[in-house]
Number of protein chains: 2
Amino acid sequence: MRAYFDHCRSTFVDPRVLEEMRPWWTEKYWSPAPFTYTGTTVAEAVEESQMAFAKLIKGKPEEVHFAPSHTVANNIAIQGPLSTGTDELPHVVTTAVEHGTIMDTVRHMEKLGLMRVTYVPVDKNGVVDLDALREAITPQTSLVSLATVNYMVGAIQPVDQISSIVRERNPRAVLHFDITWSLGRTLDHSFAPLADIVTASVERIHGPKGLTMLWVRKGVNVKGPIYGSQAYSRVVPGALDVPAIVGARKALELMLDDLPGKIQHMKRLRDRLIKETMDAVPETLLNGPEGDLRSPSNVCLTFRYIEGESVQMYLDMEDITVDTGSACANPFLEANHTLLAMYGDYERAHGAIRLSLSWASTDEEVSKFVEVIPDIVAKLRKISPLAPKEYKER
Amino acid sequence: MRAYFDHCRSTFVDPRVLEEMRPWWTEKYWSPAPFTYTGTTVAEAVEESQMAFAKLIKGKPEEVHFAPSHTVANNIAIQGPLSTGTDELPHVVTTAVEHGTIMDTVRHMEKLGLMRVTYVPVDKNGVVDLDALREAITPQTSLVSLATVNYMVGAIQPVDQISSIVRERNPRAVLHFDITWSLGRTLDHSFAPLADIVTASVERIHGPKGLTMLWVRKGVNVKGPIYGSQAYSRVVPGALDVPAIVGARKALELMLDDLPGKIQHMKRLRDRLIKETMDAVPETLLNGPEGDLRSPSNVCLTFRYIEGESVQMYLDMEDITVDTGSACANPFLEANHTLLAMYGDYERAHGAIRLSLSWASTDEEVSKFVEVIPDIVAKLRKISPLAPKEYKER
């Protein structure tokens, strides 16, 4: 049995989702052309998916679009509101701890001289510094873009306060929430009333690969960077991936089935992982917040004196999959920028591993990890030039 | 039984393709992170797909990238080579008969003042006017972008001559071929030696939805318009849809299995459709070329005095799916621009229907169409204000 703790990157597609998608691949593989039986059948399926997501986030169905990848969705969310016809360089506010789909986009565009970016700092829990946010937003700010839950340390951001601050400081600024890591991790998903654009990749909730929901409030002007036929959407041009759109609806439906139970289950496994690992391995640091400020599916630990990547490789040999502090869409190809922004400590960032759960995670997987981790860490500390003498002699 | 003649828009996914994709959804759903068993397993599957496409078009595997949609692929192909740092407005050459994924992109960008575009005319067969192409390309031209087979009338473009003309007129201009409608329709797919960028959507050959192969010759500078993590590709940032990448390889493999037989089969059905329809329905016009200049899978007919959309709706009631001259990614939301560019005749364009075949098409489907079409056309002519008196009295 593999113990898989990388649901923040990718999840298996639920067989019930595949089952729901299958007829749209093999029988009803039509395009949603108007005025025909085939076309209207497809168009209805698309609308059902729009309705499901709209209901979840409390938006309107006609405001829901479908992007073919998380990166494309966030590029539309970030670049789309900027092309508003002024000559001035657009000002974008984000945080210092964003995932690559936001961070890499604004970094690249900043480097190419296409935007001016302010990176708002976070506190030691990874939570956005609200005073700094208030200060960062000016009357010239075009866009505020951030994830509602941090991908690396699971910090749940204070979205109500963030929304109030943005509206108060600049009512014309567009507010983009990437809620990918909130999906199925919070009881309440009413993000639309707080924001102008919401993106959500369903491949992290056992949904189809790639497909990303993109909600844009009516009246918000989104232009580019992708052009093409607007027959099905003015926001995401091109053809629709109907099977994936149907699968996304099913994945959301399955996510909502006993969501409180799912959250409770993940919290229990999360707390087992944290407590049992910290009890068994000396000098282990928990990165990110404790308790309710933390996503129920996130565990991020640093084992002092050793490299997260080495831990990852040793765990891999035991059929255990985790992520490390130096990978996962790191724009600098070095120590994780989120942990650096939180702690300013290279060793802590390099030594981090991340375990991300889903509702499909099991106690057996947790036990398997907890069983092997003490030996792996001990072995690596034995050969680490940084480890104190006591670890060499064990 | 439905008779489906819209393979130019979408095809059923071959069950053997789904079978090949399945373990990558349910068991090997990992991301291609380096240094791990899971990661390298996935990375090898991705490389196999790169190799399959590279072998087909005679490029190099490391030059093959994967875009999440046809529209995104063509936006990268078109916008990517433009951002080369000069202040001058980039000059793009395309043809008057392109599909929406090229036509809508350049039209939009031209309208926004982001590029200058020359639309090269075509002859009465829909084939690019080579003298006009030669004239259109200047030392300032950044990009020449066109499809190797026309989506609407199936005209096979003279790619060798086009490539020679582009190289001769401006060796620095980037040449982009969209070979989507050539896939499985020509015996020889060696497009890479002729071009700098090649795009190919596999959803038209019973492959997975969305996924589009994007080959970029080494040394060709492609930047944007999508930014994000370049961990897996400098050309298409973001995560990889591994199941779709695996499915694309399988779809290409199935396409190549007895390709001469497949082409022969489609040609026979195409010629049956054309001949039997034109024999049975008076005043029917064939749009596009005859014989070997025409894609084996394309039939495009105009029934004089009536609307293509009405024909489509009547056929739909008989469970027959076709496309019309006023839809399919038409940038003007009016009569098909390809037919207008070829014939300058609104009636001919409005009255057109397109039937596109695949190797899965059958004689039964053709017979079903041929059986019902004379009555449908007769009924519609009876109520058409444009039809001559003789049709009213039948």
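Here are a few exercises on this predicted model, each with a worked solution.

Residues are numbered from 1 along each chain as its sequence is written, and chains are lettered from A and ligands numbered from 1 in the order in which they are written. Because the model is predicted, local features need pLDDT of at least 70 and side-chain atom pairs count only at pLDDT 80 or more, while totals for chains, interfaces and linings use all residues.

**Exercise 1. Get a feel for chain A.** How many helices and strands are there in chain A, and how does its radius of gyration sit against the globule rule?

Step 1: count the elements. Chain A has 13 helices and 13 strands; these are DSSP runs, numbered from the N terminus, with helices being H or I of at least four residues and strands being E of at least two.

Step 2: check the radius of gyration, taken over C-alpha atoms, against the globule rule (2.2 Å times the number of residues to the power 0.38). Chain A comes out at 22 Å, close to the 21 Å that the rule gives for 394 residues, so the chain is as compact as a globular protein of that length.

Step 3: look at the box. Along the principal axes, the C-alpha atoms of chain A fill roughly 75 × 50 × 35 Å.

Step 4: look inside. Of the 394 residues in chain A, 59% are buried. Buried means that 20 or more other C-beta atoms lie within 10 Å of a residue's own; exposed means 12 or fewer, partly exposed is in between, and C-beta atoms are placed from the backbone.

**Exercise 2. Trace the seven-stranded sheet of chain A.** In what order do the strands come, and which stand at the edges?

Step 1: a reminder. Strands of a sheet pair through backbone hydrogen bonds, either parallel or antiparallel. Here, two strands count as paired if DSSP finds at least two bridges between them.

Step 2: walk across. The open sheet in chain A runs β2-β8-β7-β6-β5-β3-β4, with mixed pairing. At the edges stand β2 (64-67) and β4 (116-120) of chain A, each with a single partner strand, so one side of each has no neighbour in the sheet. On average, neighbouring strands are turned by 20° against each other, direction ignored; axes are lines fitted to C-alpha atoms, for helices over the stretch in contact, and angles run from 0 to 180 degrees between N-to-C directions.

Step 3: zoom in on one pair. β6 (174-178) and β7 (197-201) of chain A run parallel and are joined by three bridges, with Phe177(A) opposite Val198(A).

**Exercise 3. Now the four-stranded sheet.** Which strands make up the open sheet of four in chain A, and in what order?

Step 1: the order is β9-β10-β13-β12 of chain A, with antiparallel pairing. β9 (284-286) and β12 (323-324) of chain A are the edge strands, each pairing on one side only.

Step 2: two bridges join β12(A) to β13(A), where Thr324(A) faces Ile353(A).

Step 3: add the helix. α8 (259-280) of chain A lies across β9, β10 and β13 of chain A, at about 15° to β10(A).

**Exercise 4. Is β10 of chain B buried or exposed?**

Step 1: six of the six residues of β10(B) (298-303) are buried, so this strand is largely enclosed by the rest of the structure.

Step 2: sort the side chains. Asn298(B), Cys300(B) and Thr302(B) point one way, and Val299(B), Leu301(B) and Phe303(B) the other.

Step 3: find the partners. β9(B) joins β10(B) through three antiparallel bridges, with Thr284(B) partnered to Phe303(B). Five bridges, also antiparallel, join β10(B) to β13(B), and there Val299(B) is partnered to Leu355(B).

**Exercise 5. Hunt for odd backbone spots.** Where is the peptide bond from Gly224(B) to Pro225(B) cis, and which residue has a positive phi of about 80°?

Step 1: most residues other than glycine have a negative phi, and most peptide bonds are trans.

Step 2: the cis bond from Gly224(B) to Pro225(B) has omega near 5°, and Pro225(B) is in the loop between β8 and α7 of chain B.

Step 3: Tyr305(B) has the positive phi of about 80°. Tyr305(B) sits in the loop between β10 and α9 of chain B and is partly exposed, with 17 other C-beta atoms within 10 Å.

Terms used: Two residues are in contact if their C-beta atoms, placed from the backbone, lie within 7 Å.
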